[in-house]
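Open the model in a viewer with residue selection and a distance tool ready. The stops below say what to select and what is there.

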Amino acid sequence: MDNATRSERSRNAILQAALAIIARDGPGRLTLDAIARESGISKGGLMHQFRNKEAVLKALLQRQTEHFEEFSRNYLAKSGAAHAQPHLAAQIATLREALSTPRSIVFAVLGAAAEEPGLVSATRQTDARKMEAVKAEAADPDLAILRWVAAWGLTLTAMLGFSSLSEKERERLFDRLLDSQAWSTQPKAKAKTTPKTTPKPKPQKRK
């Protein structure tokens, strides 16, 4: 195994260990010593890859963000045409995917925010651009944002253990959030009425 491959494997092991700690113990328990124990890599070897915990979190956040950005792009390419609001659908589907992916970006964001709020500024900027795209394609921008925020709520409460919903119930609600027809803001067509006709007066008989 060459040095580059060995180094990449070490980085992967460190980042996976960091996510495992954040998911299991919370971001406050993330330390270089804890990462070294979890990954089985010496602290010296760890610091050869990442000089401090902030560097670990930065790499972790970047890697997880890239993973879900790729998922979102693929969803748009494959399924976007099936939705009236493709960018919104992609964001909801990505949050749904995060729930099915252990140790996902949500834990990375929580860890980064707990350590250094400045690390998530780029994430906020990216989300702001996504929000503009979602608003631009929506007939009712406020409703579109509410659907996106609801998907965030389903994801966060489930990941943090606050949700009393079953997996089946969450899946049903995600299906509902993705169903554009269920959120249509088009006014209902009025039933057509047959115009009333005034009866013609009967001709009077001549006397």
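## Stop 1: a surface patch

Select L110, L160 and F162, which form a nonpolar patch on the surface with about 290 Å² of accessible area together. This is a predicted model. Within the patch, L160 lies in the loop between helix 8 (141-159) and helix 9 (167-178). Is L160 buried, partly exposed or exposed? Its relative accessibility is 37%, so L160 counts as partly exposed.

## Stop 2: the whole chain

Now show the protein chain as a cartoon. Nine helices and zero strands make up its secondary-structure count, and read along the sequence the pattern is α-α-α-α-α-α-α-α-α. Colour by relative accessibility next: of the 207 residues in the protein chain, 34% are buried. The protein chain exposes about 13,700 Å², and carbon and sulfur atoms supply 53% of that area. For a contact map, take the contacts with a separation of 6 or more: residues 24 or more positions apart account for 64% of them.

## Stop 3: helix 2 and its buried face

Select residues 32-39, which are helix 2. Which residues of helix 2 are buried? They are L32, A34, I35, A36 and S39. Add helix 1 (3-25), helix 3 (43-49) and helix 4 to the view, since the buried residues of helix 2 pack against these three.

Centre on I35, which has its place in helix 2. With a relative accessibility of 0%, I35 counts as buried. Leaving aside residues up to four places away in sequence, I35 touches I14, A17, A18, I21, L30, L46 and V56. To check a backbone distance, pick the C-alpha atoms of I35 and A13: they are separated by 9.3 Å, with the two residues 22 apart along the chain.

Step past the end of the helix to G40, which follows helix 2 and has a positive phi, near 75°.

## Stop 4: salt bridges

Turn on charged side chains. Side chains of opposite charge can pair when their charged atoms come close. How many salt bridges does the structure hold? There are eight; three are visited here, one after another.

Begin with R63 and E8, a salt bridge in which the closest N and O atoms are 3.5 Å apart. R63 lies in helix 4 and E8 in helix 1, so this pair ties together parts that are 55 residues apart in sequence. R63 counts as partly exposed, at 27% relative accessibility, and E8 is also partly exposed, at 37%.

Move to R24 and E38, whose side chains meet in a salt bridge of 3.0 Å, N to O. Here R24 belongs to helix 1 and E38 to helix 2, so the pair ties together parts 14 residues apart in sequence. E38 has a relative accessible area of 35% and is partly exposed.

The next pair is K130 and E69, with a salt bridge of 2.6 Å, N to O. K130 is in helix 7 (residues 121-136) and E69 in helix 4, so far as location goes, and the pair links distant parts of the chain, 61 residues apart. E69 is partly exposed, with a relative accessible area of 21%.

Before leaving the charged side chains, add D25 to the selection of R24 and E38: salt bridges that share partners join R24, D25 and E38 into one network.

## Stop 5: aromatic rings

Show the aromatic side chains. The structure holds one aromatic pair. Select F71 and Y75: this pair is stacked, 6.5 Å centre to centre with 25° between the planes. Why are F71 and Y75 separated by about one helical turn? Both are in helix 4 (residues 53-79) and they are four residues apart. An α-helix has 3.6 residues a turn, so residues three or four places apart point the same way.

The accessibilities of the two rings' residues fall on either side of a cut-off, with buried meaning under 20% relative accessible area. F71, at 24%, counts as partly exposed, whereas Y75, at 16%, is buried.

For the last selection, take R176 and W183. The charged end of R176 sits over the ring of W183, 5.9 Å from the ring centre.

Methods:
Residues numbered from 1 in each chain as written. Predicted model: local features only at pLDDT ≥ 70, side-chain atom pairs only at ≥ 80, totals over all residues. Heavy atoms only, no water. Patch = residues over 30% accessible without salt bridge, like charges linked within 9 Å, V, L, I, M, F, W, Y side chains within 5 Å. Areas by Shrake-Rupley, 256 points an atom, 1.4 Å probe, with all protein chains shown as cover. Salt bridge = Lys/Arg side-chain N within 4 Å of Asp/Glu carboxyl O. Helix = DSSP H or I, 4+ residues; strand = E, 2+ residues; numbered from the N terminus. Buried < 20%, exposed > 50% of the residue type's maximum accessible area, 1.4 Å probe, protein only. Phe/Tyr/Trp six-rings, centres within 6.5 Å; stacked < 30°, edge-to-face > 60°. Lys NZ or Arg CZ within 6 Å of the ring centre and 35° of its normal. Contact = heavy atoms within 4.5 Å.
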